[in-house]
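Visitor: Could you take me closely through one part of this model, the nonpolar interior and the helices and strands around it? I would like the residues named, so that I can follow them on my own screen.

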Amino acid sequence: MKSTTDCIVVGGGPAGMVAGLLLARCGVSVTVLEKHSDFLRDFRGDTIHPSTLQLLDELGLMEQFEQIKFNKVTQAQFPAQDNSPVTVVDLSKLHHPYPFIALAPQWDFLDLLARAGEAEENFTLHMNCEVTDVLRDSGKVVGVQYTGPDGEREVRADLTIAADGRWSCIRDSTGIAMKDYSVPIDVWWFKVPGALKREFTLSPAFVNGRMFVLIPRTGYVQTAMILPKGMDAELRAMGVDAWHDSIVSAAPELAGSVDGLKLDDAKLLDVRLNRARKWWQPGLLCIGDSAHAMSPVGGVGVNLAVQDAVATARLLAEPLRESKLTERHLARVQFRRTVPTLVVQGIQRAMHRGLKQVLKGTGEVILPNPIAMIFRRFTKLSAVPARLLGVGVLRERPPARARRN
């Protein structure tokens with residue numbers, strides 16, 4: 001069976017859902033295809049940054065978001081040479097309506113966007129529909145084939161947006177070339193029952209060549225353990241007791257909470273860092289992780305993907321609505337979003353080099369005394385990295401027709 005629409009969005013993650021919602025509000029007929037039957041999966045990108053919170057406010061969705069149970073993080077601290085913590089990032093010093101990072105289950109965030117989309121007559125969301133191939137006509141992508149509850153179907157559109165993540169089947173099937181960077185780390189991602197002493201602070205901890213990022217949540221601590229790439233099997237072979245000991249060394253207050261953890265509770269994140277050399281082809285545009293897989297370092301992947309979606313909607317809504325979309329419009333999206341991507345990936349690559357030395361045991365993540373003294377004396381300096389982390393290099397504003405506030 002065949003159908004038509006103005007725009008197909010492949011992937012119901014943050015980038016796909018935001019792009020679909022904004023375009024629909026601008027009068028573009030949008031069909032979003034999500035291969036899973038719901039959003040209840042072990043997402044890792046639970047950080048909602050100030051720029052995304054402001055977007056929700058502008059879209060009239062902040063009241064609904066505040067009904068979600070979320071935690072706030074306002075600071076990040078690193079140890080000085082005297083082992084005392086130094087606040088390097090302080091979001092509370094931002095002149096911003098939402099000076100914090102919200103930690104919310106991503107499935108709740110996506111459910112909110114889905115409900116907002118359902119209220120728009122131009123928005124259609126098909127769950128449990130997996131795209132199997134793209135449709136072409138004279139070298140242009142004109143739609144997709146997918147498998148869903150009703151069997152094999154196809155839908156055609158002026159534009160197909162690939163928002164299906166770092167393992168994008170749309171990107172790979174169309175032969176879009178990627179530039180890959182060497183990454184020295186992987187991540188174990190797990191939850192530890194209990195609470196940290198510093199409720200609103202991200203506190204990295206370093207223990208015997210391991211780095212832990214401890215994220216306070218309600219009733220548990222979301223924990224990322226950074227390990228050398230390819231070491232997953234070797235660390236598991238060391239046994240659960242060694243793992244428990246390293247967690248307790250990093251966060252002694254969790255000593256009574258680790259006994260129930262099994263090695264199967266540690267989910268491996270195969271860290272990748274890359275970007276598409278060209279984000280588009282005639283009739284096709286990649287955004288979010290499909291265009292640039294980010295490292296979890298800094299937790300900025302969701303924020304960058306959402307900003308991609310906002311720029312896409314603002315630049316493409318009018319030509320899509322008027323059936324005047326050209327390759328020039330697609331190139332403008334990549335041009336607009338390239339600098340933020342390059343800056344963030346450049347910072348992440350530099351941080352990877354430092355982490356590589358730490359994991360080898362040949363380096364320390366400790367602030368030299370002169371730098372620690374500067375941050376302690378001039379506390380407003382902590383707003384500079386906070387701005388980069390929380391708002392980004394280039395803020396994207398949603399189309400006027402999509403705003404409700």
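Guide: What follows goes from the core to the helices that pack together, and then outward to the strands and sheets.

Please keep in mind that this is a predicted model. The largest nonpolar core in it holds 76 residues, and those with the most contacts inside this core are F65 and L113. Of the elements that supply it, helix α8, spanning residues 301-321, gives the most, with ten residues. If you centre the view on F65 and leave aside residues up to four places away in sequence, you will find that F65 touches I48, L53, L56 and F70, and also A102, A104, F109 and L112. Apart from this core lies another one, of 35 residues, which includes A80, V187, V297 and A372. As general background, nonpolar side chains in soluble globular proteins tend to be buried together.

The helix packing can be followed from α1, which covers residues 14-25 and packs with helix α4, residues 106-118, at an angle of about 20°, their axes being 9 Å apart. Angles under 35 degrees count as roughly parallel, and α1 and α4 are therefore described as roughly parallel to each other. Their crossing is left-handed. On the α1 side the contact is made by P14, M17, V18 and L21, while α4 contributes Q106, F109, L110, L113, A114, A116 and G117. Two of the α4 names have come up before: L113 is one of the residues with the most contacts inside the largest core, and F109 is among those touched by F65.

Helix α1 also meets α8, where the axes come within 8 Å and cross at roughly 30°, so this pair too is roughly parallel. Here, however, the crossing is right-handed. From α1 the contact takes in P14, A15, V18, A19, L22 and L23, and from α8 it takes in V302, A305, V306, A309, V310, A313, A317 and L320. P14 and V18 can thus be found in the contact with α4 as well as in the contact with α8.

A further partner of α8 is helix α2, residues 50-58; the two axes come within 9 Å and cross at roughly 40°, and the helices are therefore oblique to each other. This crossing is left-handed. In α2 the residues involved are S51, T52 and L55, which meet N303, V306, Q307 and V310 in α8. V306 and V310 are also part of the α8 contact with α1.

From F65 one can pass to a sheet through I48 and A102, both of which F65 touches. I48 stands opposite A102 in strand β7, and two bridges join β3 to β7, residues 101-103, in an antiparallel arrangement. The open sheet to which they belong has three strands in the order β3-β7-β4, with antiparallel pairing. Strands β3, at 47-48, and β4, at 71-73, are its edges, each pairing on one side only.

Another open sheet has seven strands, in the order β6-β5-β14-β15-β16-β13-β17, and its pairing is mixed. Strands β6 and β17, the latter at 267-269, stand at the edges with a single partner strand each, so one side of each is left without a neighbour in the sheet. On average, and with direction ignored, neighbouring strands are turned by 25° against each other. At the β6 end, five bridges join β5, residues 75-79, to β6, residues 85-90, and the two run antiparallel. Q75 has D90 as its bridge partner in β6. The two strands form a hairpin with five residues between them, and N83 in the turn has a positive phi of about 70°. Elsewhere in the sheet, nine bridges join the antiparallel strands β13, residues 185-193, and β16, residues 220-228, with I185 opposite P228.

Lastly, look at T160, which is placed in strand β11, residues 151-162, and which counts as buried because its relative accessibility is 0%. Leaving aside residues up to four places away in sequence, T160 touches I8, V10, V141, G143, V144, G283, L284 and L285. Strand β11 pairs with β10, residues 140-148, in the antiparallel sense over six bridges, and a hairpin joins β10 to β11 through two residues. Strand β11 also pairs with β20, residues 284-286, in the parallel sense over three bridges, where A162 has C286 as its bridge partner.

Conventions. Residues are numbered from 1 along each chain as its sequence is written. This is a predicted model: local features need pLDDT of at least 70, side-chain atom pairs count only at pLDDT 80 or more; totals for chains, interfaces and linings use all residues. Side-chain values use heavy atoms; hydrogens and water are left out. A nonpolar core is a set of buried Ala, Val, Leu, Ile, Met, Phe, Trp, Tyr and Cys residues joined through side-chain atoms within 4.5 Å. Buried means under 20% relative accessible area, exposed over 50%, partly exposed in between (1.4 Å probe, protein chains only). Helices (H or I, at least four residues) and strands (E, at least two) are DSSP runs, numbered from the N terminus. Contact means heavy atoms within 4.5 Å. Two strands pair if DSSP finds at least two bridges between them. Axes are lines fitted to C-alpha atoms, for helices over the stretch in contact, and angles run from 0 to 180 degrees between N-to-C directions. Angles under 35 degrees count as roughly parallel, over 145 as roughly antiparallel, 65 to 115 as roughly perpendicular and the rest as oblique. A crossing is left-handed if the near helix is turned anticlockwise from the far one by less than a right angle, and right-handed if clockwise.
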